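This report describes the fold of a single chain, from its overall content down to individual residues. Please keep the structure open while reading.

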Amino acid sequence: MNAIALQPLGAGAPIGPPPPAPDLPVPPPTLPPPAPAGDPPAVDPPQVEPGAPPPVADPPPGASALGRLHARRLREVHRSAGWPCCDAIEVDLLAEGLLARMRSAQGHETLRLTDAGIAQLARTGVVNRAALSLHEALVEQVAREMTRAGRLAWRGLSLRARLAGAAEGDKPRWCIARPDVFSIRNTSVEAYAQPIVHEVKVNRADLLSDLRKPDKRAAYLDLGGECWYVLGCDAKGRPIGEPDEIPAECGVLIAQQGRLVVARSALHRALPRMPFAVWMALAKAQPVAGFDDEMQGLLGEFGE
């Protein structure tokens, strides 16, 4: 049997693990102060990238995001047989409870307005009629001013206008223009008719949309020797547009405190004669009633 010789360890060799370090006092953990009673629990703020917009909060419960497209769809369903379109607008209306799905005996599915949908349709109709009444009132005022100046005025005409070709050398184009007010002088000489077109705007969004349509403006200039933009005022009494926003070839009238104020005169173009189609349209339409000379005479008799 072989004996294993054990070599003696040196004096400097470690014997076993090192002794543990002396116990040190451990400080107690620092706890946040308790939240006052009634305060919501503390939450971490949302993490966003530097410079990024804040996160969009969810809409409050019960909030509705219905717009003009939804109101238009409600009108279309109300006036039609109610065939579904299966689009996002229809989904919104169904989710809001404004539309209901109906199934016929043959299995065909149609849409019908609920009582809430009828109420929503009535509310949008009130808003639309209010905006239309402002526009119609200003159109009536402009037409009356034209008759006061001794002119014949028409409202809501559909006149055929000639436009230049899309490119140089192309054939001219034709379109149907619908000016708010069209007037001519009360004369028996065709060259002295001096037709004038007035376009009435009471909403800034409508004005900006109209200014982005050069063909519409060109049609008005083709029909009349002068073209005027009549601008209404907003709820604060400020004009919905500035004269500098209107093209230089058009005049600007601003309706303020029941009066039409000339902000910029229109450029006058000589128009020796109007097209025969325009004369025919004027003959078929009813002009705005002017002042009755006989009634003015009666007023004079009563005043004597």
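The text below covers the chain as a whole, then its sheet, its helices and a few single residues.

**Overall content**

The model is predicted. Its secondary structure comes to seven helices and ten strands. The chain has 304 residues, of which 27% count as buried. The exposed surface of the chain is about 21,900 Å², and carbon and sulfur atoms supply 58% of that area. Among contacts with a separation of 6 or more, 55% are between residues 24 or more positions apart.

**The six-stranded sheet**

Six strands make up an open sheet with mixed pairing, and their order is β3-β6-β7-β8-β9-β10. The edges are taken by β3 (151-155) and β10 (259-264); each has a single partner strand, so one side of each is left without a neighbour in the sheet. On average, and with direction ignored, neighbouring strands of this sheet are turned by 25 degrees against each other. Strands of a sheet pair through backbone hydrogen bonds, in either the parallel or the antiparallel sense.

Both senses occur around β9. Strand β8 (residues 226-231) pairs with β9 (residues 251-256) in the parallel sense, over four bridges. With β10, β9 pairs in the antiparallel sense, over five bridges. Individual bridge partners can be named on both sides of β9. Trp 228 has Gly 251 of β9 as its bridge partner, and Leu 231 has Ile 254 of β9. Ile 254 in turn has a bridge partner in β10, namely Val 261. Ile 254 is thus a bridge partner of Leu 231 and of Val 261.

How many of the six residues of β9 are buried? Five of them are, so β9 is largely enclosed by the rest of the structure. The hairpin of β9 and β10 has two residues between the strands, and in this hairpin Gln 257 takes a positive phi near 55 degrees.

**Helices α4 and α6**

Two helices can be described by where their buried residues point. In helix α4 (residues 204-211), the residues Leu 207, Asp 210 and Leu 211 are buried. These three cover an arc of only 95 degrees around the axis, which puts them on the same side of α4. What they pack against is β7 (196-201), α5 and β8. Strands β7 and β8 are both members of the six-stranded sheet.

Ala 205 is also found in helix α4. This residue is exposed, with a relative accessible area of 52%; the cut-off for exposed is over 50%. Along the chain, Ala 205 and Ile 240 are 35 residues apart, and their C-alpha atoms are separated by 8.9 Å.

In helix α6 (residues 276-284), Val 278, Ala 281 and Leu 282 are buried. Seen down the axis of α6, the buried residues fall within an arc of 100 degrees, so they line one face of the helix. The cover over these residues includes β3, β4 (159-163), β6 (181-185) and α5 (214-223). Phe 276, Ala 283 and Lys 284, on the other side of α6, are exposed. Helix α5 is included in the cover of the buried residues of α6, and the buried residues of α4 pack against α5 as well.

**Helices α1 and α2**

Helix α1 (residues 68-79) packs with helix α2 (residues 88-95) at an angle of about 80 degrees, and their axes are 10 Å apart. That angle makes α1 roughly perpendicular to α2. From α1, Leu 69, His 70, Arg 73 and Leu 74 take part in the contact; from α2, Ile 89, Glu 90, Asp 92 and Leu 93 do.

**Two loop residues with positive phi**

Cys 86 has its place in the loop between α1 and α2, while Gln 194 lies in the loop between β6 and β7. Neither Cys 86 nor Gln 194 is a glycine. The table lists their values.

| Residue | Phi | Relative accessible area |
|---|---|---|
| Cys 86 | about 60 degrees | 68% (exposed) |
| Gln 194 | about 50 degrees | 34% (partly exposed) |

Conventions:
Residues numbered from 1 in each chain as written. Predicted model: local features only at pLDDT ≥ 70, side-chain atom pairs only at ≥ 80, totals over all residues. Heavy atoms only, no water. Pairing = 2+ DSSP bridges. Axes fitted to C-alpha atoms, helices over the stretch in contact; angles between N-to-C directions. Buried < 20%, exposed > 50% of the residue type's maximum accessible area, 1.4 Å probe, protein only. Arc of directions from axis to C-beta. Contact = heavy atoms within 4.5 Å. Areas by Shrake-Rupley, 256 points an atom, 1.4 Å probe, with all protein chains shown as cover. Parallel < 35°, antiparallel > 145°, perpendicular 65-115°, else oblique.
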